[in-house]
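Reader: I've got a model open and I'd like a close look at a single part of the chain. Could you walk me through that spot and how the rest of the chain is laid out?

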Amino acid sequence: MKIRNQALLLLVALSVLTSIALCVLSLGLMRTSLRERSIQRIEAEVDLLADTLGSFVADQDLQSFAVNARRRLGFRVTLMDGKGVVLADSSLDRQGVAGMENHLDRPEVQEAIAAGRGESLRLSATTGVEYYY
């Protein structure tokens, strides 16, 4: 009887450990899948923003454009010129934008210059929040 109880206890322990391992694995897979879907959504919305910005009239307010885009899309929008100078940012006011550092040396900007599109997942030097760039 004692051996039977030990075998049952071992079986229960293995079942619990297996369940925990499966939960951890499932959570990791769900997180990866969610991140991939989020990135696909962001990329599609950035393409739409780029199309909209491409027809943007030069005398319109880029800061208002960035703020409105953030309100509609739900993520931070930073606009810069080809030299890395920030022209607008939805997380800052105009004074804050004027004080932002040049973005030319940032990895996602360098990648975009080299390949036409760049991306990076890192903490923002401006807000201290992790963003997908």
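**Leu-34 and its surroundings**

Author: The protein chain averages a pLDDT of 85, pLDDT being the predictor's confidence in each residue from 0 to 100, and 95% of the residues score at least 70. This is a predicted model, where local features need pLDDT of at least 70, side-chain atom pairs count only at pLDDT 80 or more, and totals for chains, interfaces and linings use all residues. Residues are numbered from 1 along each chain as its sequence is written, and side-chain values use heavy atoms, with hydrogens and water left out.

Now to Leu-34. This residue sits in helix 1, residues 2–54 (helices are DSSP runs of H or I with at least four residues, strands are E runs of at least two, numbered from the N terminus). Leu-34 is partly exposed, with a relative accessible area of 48%; buried means under 20%, exposed over 50%, and partly exposed in between, using a 1.4 Å probe and protein chains only. Asp-105 lies 71 residues from Leu-34 in sequence and 29 Å away in space, C-alpha to C-alpha.

Zooming out, the chain has four helices and four strands, running α-α-β-β-α-α-β-β along the sequence. Confidence is highest in strand 2 (residues 86–89), at a mean of 91, and lowest in strand 4 (residues 130–132), at 82. As for burial, 21% of the 133 residues count as buried. The C-alpha atoms fill a box of roughly 85 × 30 × 25 Å along the principal axes.
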